[in-house]
Amino acid sequence: MPADLVIVANRLPVDRVTQPDGTPGWRRSPGGLVSAIEPVMRANDGTWIGWPGGDGSGEDDLEPFEADGMQLVPIGLEQDEVELFYEGFSNATIWPIYHDLVAKPEFHRVWWDSYVKVNQKFAAKAASLASEGATVWVHDYQLQLVPQMLRDLRPDLRIGFYLHIPFPPAELFQQLPWRRQILEGLLGADLVGFQLPGGAANFVRLVRQRVGHKTHRDLVYLPDGRTVRAGAFPISIDAAGYEKLARTESVVERSAEIRKALGNPRKIFLGIDRLDYTKGIYARLRAFAELIEDGHFDVEDAVFVQVAVPSREQVEQYRILRDDIDRLVGRINGDLGRIGRPAISYLHTSYPREEMAALYSAADIMVVTPYRDGMNLVAKEYVATRTENDGALVLSEFAGAADELRQAWLVNPYDLNGMKSALLEAYRSDDKDLTRRMKAMRKTIQKHDVAAWADSFMTELAAVSHSSHAKTVR
Ligand code: F6P
């Protein structure tokens with residue numbers, strides 16, 4: 001049935017997996033994007049187009065289906081598309097460029113060709129499913145060409161685009177051999193949303209410099225008379241939902257169980273990240289280990305729980321990172337651990353929301369130290385679950401969340417000594433200080449939740465005039 005709201009994202013909210021008994025099943029996809037869009041979809045009765053994961057066995061057996069009350073339309077990727085479009089251009093070209101070149105990007109023309117082809121596939125599917133005058137909301141860096149492709153196919157649509165990761169300054173972006181095509185792809189949207197005002201400003205400046213369109217503040221004027229707006233819409237979480245979850249009996253019990261299993265230390269440090277080189281996991285574990293080596297505390301006093309969610313495991317830089325972290329954790333535990341008391345409790349796995357909430361509740365100090373991050377929803381989830389207004393957040397200045405969570409201990413993840421000082425201050429801080437900081441951060445998160453984020457994007461999109469056909473979806 002044609003839909004009035006179509007969400008287009010590289011991933012569906014569920015991943016196709018093979019269960020232990022060999023039968024196919026579904027599992028929640030990793031990452032912040034999925035957690036953010038799911039509530040919007042439910043509220044608007046939308047249709048979600050995306051890749052169901054897997055190893056690229058094509059789309060023969062993929063039929064639209066309903067999961068958890070959501071209409072999901074899978075787009076299968078062929079083996080070569082997984083390699084060239086997803087692992088290649090999306091995650092080994094765009095991802096490092098958009099994250100400050102934390103890793104070296106690779107440029108391959110065959111990767112680009114596949115990116116164009118897959119974007120076309122997504123655009124065609126969206127065009128076939130959207131009702132007359134519908135709203136289509138395209139998400140993230142894997143699909144930056146879709147807005148213009150879709151506009152060519154369906155000029156009646158209202159098209160929004162949202163980038164979940166940072167948009168880089170011109171100095172980095174212009175390394176891309178296909179920089180102009182990407183800017184033109186994005187300009188197919190009526191509204192292009194970014195996490196922070198800096199990203200929107202980078203985009204408008206690049207459009208002026210590289211495409212030559214006239215711009216004024218957040219507006220781009222196209223030669224055909226259309227205008228495109230660029231704006232900042234910092235993404236958030238379902239704060240009330242997390243708070244409620246943290247208060248449920250089973251989560252409270254599980255949280256106590258986790259503390260006990262860790263030997264009831266004075267303080268539990270926690271890191272939860274996709275295993276990604278942008279997240280700064282290596283440096284943070286070193287900082288923690290050095291605090292023990294320096295004698296500030298002992299493995300009886302403190303433990304660091306690091307959850308590393310498996311991610312993009314076929315991409316070389318991610319494999320290297322995994323080996324590096326494995327070695328570092330082994331070395332730290334070998335050097336500093338005692339029987340039954342490892343310095344670092346390292347878990348290479350993903351957990352359901354309930355277990356995450358129990359971990360957040362059990363942790364005294366949440367450590368979020370990316371070198372660059374669009375937002376970082378883990379930081380916000382931690383804050384939302386601290387129903388007693390306790391707990392400390394150590395947060396990188398280079399995470400989008402640092403713009404809002406000013407009462408965290410803000411750190412520069414490149415500065416190891418600075419990070420050590422912040423961890424130690426958080427470790428030693430008194431209850432009064434913790435409460436003051438956490439109360440303020442919780443207020444921020446409660447006000448700016450995911451519903452407010454989606455509502456402000458949709459309201460702005462509805463306000464962009466472009467076509468008398470377009471219906472209004474909120
Ligand atoms: O928000 C960044 C993002 O890349 C999303 O687009 C994505 O869904 C998530 O992180 C997880 O990454 P991936 O889909 O590559 O597993």
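The following exercises, with worked solutions, concern a predicted model.

**Exercise 1.** Identify the residues of the largest nonpolar core that touch the most other members, and the helix that gives the most to this core.

*Solution.* The largest nonpolar core has 151 residues. Within this core, Val-6, Val-8, Val-136, Ala-379, Leu-393, Val-394 and Leu-395 touch the most other members. The helix that gives the most to this core is helix 2, residues 79–98, with 10 residues. For one of the core residues, Leu-393, the partners can be listed: residues up to four places away in sequence being set aside, Leu-393 touches Met-366, Val-368, Ala-379, Tyr-382, Val-383, Leu-405, Ala-408, Trp-409 and Met-441.

**Exercise 2.** Describe the setting and the geometry of helix 2.

*Solution.* Begin with burial: of the 20 residues of helix 2, 16 are buried, and the helix is therefore largely enclosed by the rest of the structure. Next, consider the axis, which bends by about 40° at Gly-88. Finally, examine the residues that follow: just after helix 2, Asp-100 adopts a positive phi of about 60°.

**Exercise 3.** Determine whether Arg-266 is buried or exposed, and locate its contacts.

*Solution.* Arg-266 is found in the loop between helix 9 (249–261) and strand 13 (267–274). A residue counts as exposed if 12 or fewer other C-beta atoms lie within 10 Å of its own. Arg-266 has 12 such atoms within 10 Å and is therefore exposed. Apart from neighbours within four places in sequence, Arg-266 is in contact with Asp-301 and Ala-302. As for Ala-239, 27 residues separate it from Arg-266 in sequence, and their C-alpha atoms are 28 Å apart in space.

Terms used
Residues numbered from 1 in each chain as written. Predicted model: local features only at pLDDT ≥ 70, side-chain atom pairs only at ≥ 80, totals over all residues. Core = buried A, V, L, I, M, F, W, Y, C linked by C-beta atoms within 7 Å. Helix = DSSP H or I, 4+ residues; strand = E, 2+ residues; numbered from the N terminus. Contact = placed C-beta atoms within 7 Å. Bend = angle between axes of the 7 residues up to and from the residue.
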